[in-house]
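Ready for a short set of exercises on enclosed space inside a protein? Have the viewer open and try each task before reading its solution.

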Amino acid sequence: MKNIKWMFNESLPMEMHKARIVQKINLLEPKKRLKAIKEAGFNTFLLKNHDVFLDMLTDSGVNAMSDKQQAAMLQADDSYAGSETFFRLESSIQKMFGMKFFLPAHQGRACEHIISKALVNKGEAVLMNYHFTTSKAHVVLEGGFVEELIIDEGLNLNSTCQFKGNVDIDKLKDRIEKLGSKNIAFVRMEAGTNLIGGQPFSLENFEEVSKICKSKDIPLVLDASLLSDNLHFIKTREENCKDMSINEITLKLGELSDIVYFSARKLGSARGGVICTSNENLFKKMQGFIPLFEGFLTYGGMSVREMEAIAVGLEETMDEDVISQGPIFIEFMVKELLKRGIPVVTPAGGLGCHLNAMKFLEHLPQTEYPAGALAAALFIVSGARGMERGTISEQRDENGVEPLANMELLRLALPRRVFTVSHIMFVVDRLEWLFKNRNLIGGLEWSEEPEILRFFFGKLKAKGDWPEKLLEKFEEDFGDSL
């Protein structure tokens, strides 16, 4: 990564690209924003994109493609079987991870479905550093259960620990001993721990986990969806890896894993999913499910044009100037919010900037969904769409009991090569105003609650008229400004 210094004291993140194609965005009037969030049931997932100014919901499928990716899409081979596009993508994956076999799927959660279908039996455990909503749901649907073994610092929102996504090795050994290795379907390590602030794991920790798994004959599965950020952190934060190239680190991770899968909507900046392995037995267990649930083995439900873009995107992931863009912009935003006393997860992780909603809205009980309320309030005052990552993102157990999440976070994702510094500073400005007026924000309650993955399409309503009062104060302070 290139080191760029500024003459003045404050430094800015430097874009290592230039804009060649632009897309117009729309900033609605505040009253229309309030109307839009009400119609969406205070669920930012249900907002219509034409009502959104800055879309910070996710980095999934919305990262900007490079010129080389766009060009590669023109050479796609549409053959149903034996497509050259498949072999080009296979070659990129093999160069990246050093793995022999590749199975395509239409996106990351489809990969999770295939892996759980093939490996999880009723009553078996899947051990994880931390769960993701869909990864847990697929295990549970197969009759298994999930146990999380994140280090204690991983749940400490403000910490100096550089690898809060690490597995606690003592906990891992203890759970294997108590459960028995035959009752563990696999161990899953997630690069970038999505639900707890995009925090990375270290290569050293991954090596320790791999060694234990191999000694107990338990498959180690790497969720590499957010790997590009994790690679940046391994390279810049882990002393033993500073002289390794990004590709050397990635090949090492592949060597230590039994299965690697990822959403190419994140890793690769296109739209699709990938499973790879060098274990022929595991490959054959999963292979039959691809044509059954996804598509033929050479496309797996993906567009071949997207496959060409993924192949180039994976090659670009080996460029440190490319993968550093997300983390340095996120770190900049985190620092700007900290200057203003706004509670955020530290250290800065990957994927996006994560606000601590329980500290931001200390007057709200967790049962009134502070992260969801904060997401709605931010949209009302800015038009920026973030994502609740807290109790709304959980689901009730078989007895109807709602588990409270370990954290209540508002995630403001920064899709790669999409937003400028001025966009970030606009959101920082509105968050500063919102923090000063935080006592105006009230809670939410369910009006329509689905049983599965309720955060995707459930609807809530405000408790009281706090959205109207917030808008009234905003217009009093900002006048006719948007």
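**Exercise 1.** Find how much space lies in the second largest cavity of this predicted model, and work out which parts of the chain line the second largest cavity.

*Solution.* Start with the volume: the second largest cavity holds about 100 Å³ of space. Next, select its lining, which is made up of F42, N43, T44, F45, G372, A375, M387, E388, I392, S393, F455 and L460. Now turn to the secondary structure: at least two lining residues each come from α16 (370-382) and β11 (387-389). Finally, sort the lining by character, and you get seven nonpolar residues, four polar and one charged.

**Exercise 2.** Determine how many cavities of 30 Å³ or more the whole structure has, and how much space lies in the largest cavity.

*Solution.* Searching the whole structure turns up seven cavities of 30 Å³ or more. For the largest cavity, the space comes to about 210 Å³.

**Exercise 3.** Describe the lining of the largest cavity, beginning at its centre.

*Solution.* First, centre your view on S228, K266, S269, T317 and R416, which lie nearest the centre among the 19 lining residues. Then look for the elements that give two or more residues to this lining: they are α8 (227-237), α12 (304-317) and α13 (320-323). Of the lining, α12 provides the largest share, with three residues. Last, check the character of the lining of the largest cavity: four residues are nonpolar, nine are polar and six are charged.

Technical notes
Residues numbered from 1 in each chain as written. Predicted model: local features only at pLDDT ≥ 70, side-chain atom pairs only at ≥ 80, totals over all residues. Heavy atoms only, no water. 1 Å grid on protein atoms, 1.4 Å probe; cavity = no way out; pocket = protein on both sides within 12 Å on 5 of 7 lines; lining within 4 Å. Points joined across faces, edges and corners; volume = space filled by probe spheres on them. Helix = DSSP H or I, 4+ residues; strand = E, 2+ residues; numbered from the N terminus. Nonpolar A, V, L, I, M, F, W, Y, C, P; charged D, E, K, R; others polar.
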